[in-house]
Amino acid sequence: MGISKLIALKATVLLSVFVFLKNLGFKLISIPFIYASLVSFLVAIASHPSINLPLLLGKKSDGSLPIWSRIIFGPFLYFVRLFGLTRRLVSKEPPYNEVCEGVYVGGWPYSLNTLPPGEPAIIDCTAELPRTIAVSHCSYFCIPTWDTRAPQPSEIESAVKWALRKRTLNKPVFIHCAFGHGRSVAVTCALLVALGVAEDWKSAESIIRERRPCINMNSLHRKSLEEWSMHRLSSKPRNEEGNFSVSDVLLPNSSQQKRVRGAKY
C-alpha cells in the first residue's frame, strides 16, 4: 500500500475517533485528533503520485526539518519516526548491507551502530526523517522523497555524480531511506551501473538483492530508473588510473567474482 493510501486510512481513523469523542461530550480531548487527521489528509494529498510534493515538509539540504514543519506536521513526523524505530527494533534485518566495495544501502541511521564503518558519505532519500547527530560528521547529500515514491531521474543523476566523486576519493558511500527497501535501492542501482558493477539497473537490482534480500522496489522506482537509464549523463568509469573498474568494487563473495579473478580487495 502506497503512503498516500496508508496515511489517508490513518486520517480516516483519527477523524472517526474525533467524531466519537465529540459525540460523547469530550470536545477538548477530541481536538488533537481532528488536528492530526487534517495533517494526515494533507500529507496523503501531497504524497499522491499525481502531486508528489515532498517539499511540503520543508526538509533542508542539510537534512534538518525547520521548526515550523515540526510544529505543523508534528503528528505525522513523530508518528513515522516512532513507527520506523519500532519496526527496526523488532526486525531481524541488518540496518545496512555492503553491496559492493565501499557502497552500502540500508535504513535511517538514527545511531552510530546503524551507520556503516569508515565515516561514509551519506545520501539521504527521505523527506520525513531528519539528519541525526550520528551522521553530523559525515559528508551529506539529500534528495527528499516520499516513502514508496521514487526520486526523479535528475535527482538520481545528481546523487550518482556526487557519490562517484566520493568514491574517487576512496570514501565509502551509504545510501539510505527509512528501511533500505525502495528509494535508496533505486539510487544504489543507478550508482552500481555508473560504477560499472552492473550493466543495467535490473542487473544491479539482482546484485543488491543478493546482499539485502528484503528490498522491494515498486513500479515507480523502476519507471524512474528506466528514464534515468535513457538520459543518464554519468558515464561508466573506465579502467584507468584514478577510476574504478568492476574488479575494484565487487565484493569477494559476490556472484560476479568469477569474472574478476585476480582483483585486489
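**Group meeting: a walk through the salt bridges, helices and loops**

Let's start with one residue, Arg183: with a relative accessibility of 2%, Arg183 counts as buried. Before I go on, please keep in mind that this is a predicted model.

So who does Arg183 pair with? One partner is Glu128: the two side chains form a salt bridge, 3.1 Å from N to O. That pair ties together distant parts of the chain, with Arg183 in helix 6, residues 183–195, and Glu128 in the loop between strand 3 and strand 4, 55 residues apart. And both ends, Arg183 and Glu128, are buried.

Arg183 also has a salt bridge with Asp147, where the closest N and O atoms are 3.5 Å apart. Here again distant parts of the chain are linked: Asp147 sits in the loop between strand 4 and helix 5, Arg183 in helix 6, and they are 36 residues apart. Is Asp147 buried, exposed or partly exposed? At 28% relative accessibility, Asp147 counts as partly exposed. Put together, Glu128, Asp147 and Arg183 make up a network of salt bridges. If you're wondering about the general idea, side chains of opposite charge can pair when their charged atoms come close.

Let me step back to the whole chain. There are 9 helices and 5 strands. If you read along the sequence, the pattern goes α-α-α-α-β-β-β-β-α-β-α-α-α-α. The chain has 265 residues, and 50% of them are buried. Now take the contacts between residues at least 6 apart in sequence: 65% of those join residues at least 24 apart.

How many salt bridges does the structure hold? The count is 6. Another one to look at is Lys59 with Asp124, whose side chains meet at 2.6 Å, N to O. Lys59 is in the loop between helix 2 and helix 3, while Asp124 is in strand 3, so to speak two distant parts of the chain, 65 residues apart. Lys59 and Asp124 are both buried.

Stay with that loop for a moment. Ser61 is also in the loop between helix 2 and helix 3, but Ser61 is exposed, at 65% relative accessible area. Leaving out residues up to four places away in sequence, Ser61 touches Tyr140 and Cys142. Then there's Ile143: 82 residues away from Ser61 in sequence, yet 8.1 Å away in space, going C-alpha to C-alpha.

On to the helices at the front of the chain. The UniProt entry, which is unreviewed, lists residues 28–47 and 67–84 under "transmembrane region". What does the model show there? Residues 28–47 come out as 95% helix and 0% strand, with 30 Å between the end C-alpha atoms. Residues 67–84 are 94% helix and 0% strand, and their end C-alpha atoms are 21 Å apart.

Helix 4 gives us a little sum to check. It runs over residues 74–90, 17 residues, and at 1.5 Å a residue that should span 24 Å; the end C-alpha atoms are 24 Å apart, so expectation and model agree. Which residues of helix 4 are buried? They are Gly74, Phe76, Leu77, Val80, Gly84 and Arg88. The cover over those buried residues includes helix 1 (3–23), helix 2 (27–46) and helix 3 (67–72).

One of those buried residues, Arg88, leads us to Thr114, which touches Arg88 along with Pro95, Tyr96, Trp108, Pro109 and Phe174, again not counting residues up to four places away in sequence. Where is Thr114? In the loop between strand 2 (103–106) and strand 3 (121–124). Thr114 counts as buried, because its relative accessibility is 4%. Its side chain also reaches the backbone nitrogen of Tyr110, at 3.2 Å.

Last stop, the cysteines. Searching the whole structure turns up 0 disulfides. Why is Cys125 not bonded to Cys177? The closest cysteine sulfur to that of Cys125 is the one in Cys177, and at 6.3 Å that is too far for a bond. Cys125 is buried at 0% relative accessible area, and Cys138 is buried as well, at 5%.

To wrap up, if you open the model, try going back to Arg183 and tracing the network it shares with Glu128 and Asp147. Then look for Lys59 and Asp124, the buried pair.

Key:
Residues numbered from 1 in each chain as written. Predicted model: local features only at pLDDT ≥ 70, side-chain atom pairs only at ≥ 80, totals over all residues. Heavy atoms only, no water. Helix = DSSP H or I, 4+ residues; strand = E, 2+ residues; numbered from the N terminus. Buried < 20%, exposed > 50% of the residue type's maximum accessible area, 1.4 Å probe, protein only. Polar contact = N/O pair within 3.5 Å; in protein donor to acceptor, adjacent residues only side chain to side chain. Contact = heavy atoms within 4.5 Å. UniProt positions renumbered as here; feature names shortened; annotations may be inferred. Expected span 1.5 Å × (residues − 1). Disulfide = S-S within 2.5 Å. Salt bridge = Lys/Arg side-chain N within 4 Å of Asp/Glu carboxyl O.
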